[in-house]
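Here are a few short exercises to work through with the model open in your viewer. Try each task before you read its solution.

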Amino acid sequence: MTDPRPTALQSAERRELILRAAVREGLLDPEDALLAGFIDFDAVAATVAALHRAFPEQVEVLHAFAAKANSLVPVLEELRGLGMGCEVASPGEFAQALAAGFDPARIVFDSPAKTRRELRQALDLGAAVNIDNWQELARVDELLADKAENGTPEPRSRIGVRINPQVGGGSIGAMSTATATSKFGITLADEGNAERLVAAFRERPWLTWLHCHVGSQGCPLDLMAKGVAAAVAFAQEINRELGRRQVVGLDIGGGLPVDFSGDLGGPGYEEYVERLRIHAPALFSGEFQLVTEFGRSVLAKSGFTAGYVEYTKNSGGRAIAITSAGVQVATRTVFAPEAWPLRISTHDATGAEKHGEPVEQDIAGPACFAGDLVARARPLPLLEPGDIVALLDTGAYYASTPFNYNSLLEPAVHGARVAADGTVRFSLLRRAQTVEELLARTGG
């Protein structure tokens with residue numbers, strides 16, 4: 001089917017418009033700004049609107065953006081303004097969500113390693129909590145007992161349990177969280193666990209949600225939907241066993257995969273909802289409130305990372321371009337290129353797209369190890385020093401969460417909006433790290 005998401009940043013022309021404006025305004029400069037990330041907020045708004053449209057109006061749903069995909073506070077602020085909640089998985093992400101102005105009631109706290117302090121903060125503020133394991137459940141029992149002794153008998157938070165439906169993995173093992181031995185959640189099929197979970201809900205009237213997340217990139221939609229179906233069936237089993245509607249909500253996670261091979265983003269939200277209707281029709285009966293936790297699919301296609309070519313050479317008959325864009329902003333691509341390939345566009349010093357006979361080239365980053373390559377033998381117009389390469393589809397997980405190898409400085413990230421007349425307006429989302437800041441952070 002046709003991808004329902006508008007294609008605001010799905011054309012070379014629009015990317016070139018933003019890139020040329022960035023060069024003119026000095027946001028990219030061969031001396032002072034060798035590398036920068038860009039996020040098209042018009043494209044983000046279109047994607048979020050498509051997400052909201054995909055789910056039926058009669059179902060109460062909170063779309064909580066997975067902050068791990070891009071935890072820059074101005075980006076989170078933008079998503080809050082578009083009606084999203086925020087899913088966080090660390091104290092840092094929790095602090096960033098609060099700084100972005102999210103109501104704690106619209107924050108979902110996930111993590112397999114929540115400390116007592118972190119849990120106490122979430123419960124005090126009224127954020128939703130998804131309990132990962134039996135020991136964490138006991139810890140929450142203790143914290144709620146302490147609160148009851150201090151005059152707070154009922155928790156303000158929506159509290160649920162993350163289950164692992166053990167439906168299998170996708171093509172990228174590291175992104176699959178519903179395998180038989182996954183570190184996440186309480187396994188539903190392991191002996192005794194289902195009965196023990198029913199008893200846990202019976203004994204705790206405040207336990208009212210179930211959480212399930214099958215995985216992300218590399219996971220087919222039907223696998224994801226089967227995991228959700230298992231959660232729906234178990235929620236209904238709990239309510240049936242207890243003789244009351246105790247499980248009132250389902251957090252179905254996120255994980256919609258992104259197609260990094262072209263301008264279209266891959267399966268759309270409407271297509272995923274269709275799969276959910278096939279495998280878990282009760283999800284849309286109105287019996288349950290819903291939470292989703294999409295991240296990569298919300299932002300990936302709306303961003304790119306641009307860096308200058310510093311040198312070019314020929315080695316063993318292979319053309320190589322040494323650029324400022326490498327492992328520090330494309331970590332997964334460098335270390336697992338088969339699983340995380342990126343498209344690359346080439347531009348001259350003005351930001352205009354380069355044309356010419358494609359030549360197989362390695363696009364190398366600045367880090368001091370041989371594997372720092374974002375592309376191998378990629379057919380591209382022959383690059384020269386001073387040209388610009390753009391790593392496409394990097395609005396999530398790339399420049400926003402840099403890797404500090406070789407003490408390479410964190411690049412600036414800019415938001416972009418394009419007016420009807422083609423004028424581009426930029427906003428600074430994160431300024432470039434300075435050498436002085438690096439020294440301060442590393443004890444210098």
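**Exercise 1. Place glycine 185 in the fold, and decide whether it is buried or exposed.**

Start with the secondary structure: glycine 185 sits in the loop that links β6 (159-164) to β7 (186-187). Strands here are DSSP runs of E with at least two residues, helices are runs of H or I with at least four, and both are numbered from the N terminus. This is a predicted model, so local features need pLDDT of at least 70, side-chain atom pairs count only at pLDDT 80 or more, and totals for chains, interfaces and linings use all residues. Residues are numbered from 1 along each chain as its sequence is written, and side-chain values use heavy atoms, with hydrogens and water left out.

Next, check the cover. The relative accessible area of glycine 185 is 16%, so the residue is buried (under 20% is buried, over 50% exposed, in between partly exposed; 1.4 Å probe, protein chains only).

Now look for partners. Skipping neighbours within four places in sequence, glycine 185 is in contact with Asp132, Arg162 and Asn164 (contact means heavy atoms within 4.5 Å). As for aspartate 103, it is 82 residues away from glycine 185 in sequence, and their C-alpha atoms are 26 Å apart.

**Exercise 2. Find where alanine 377 and serine 407 lie, and what their phi values are.**

Keep the background in mind: most residues other than glycine have a negative phi.

Take alanine 377 to begin with. Its phi is positive, near 50 degrees, and the residue belongs to strand β15 (residues 373-381). With 21% relative accessibility, alanine 377 counts as partly exposed.

Then go to serine 407. Here phi is near 55 degrees, again a positive value in a non-glycine residue. Serine 407 lies in a loop, between β16 (388-392) and β17 (412-418), and at 40% relative accessibility it is partly exposed.

**Exercise 3. What radius of gyration does the protein have, and why does it agree with a compact globule?**

Apply the rule: 2.2 Å times the number of residues to the power 0.38, with the radius taken over C-alpha atoms. For 444 residues that puts a compact globule near 22 Å, and the protein has 23 Å, so the two agree. Along the principal axes, the C-alpha trace spans about 70 × 55 × 45 Å.

Finish with the make-up: twelve helices and 18 strands, with buried residues making up 55% of the 444.
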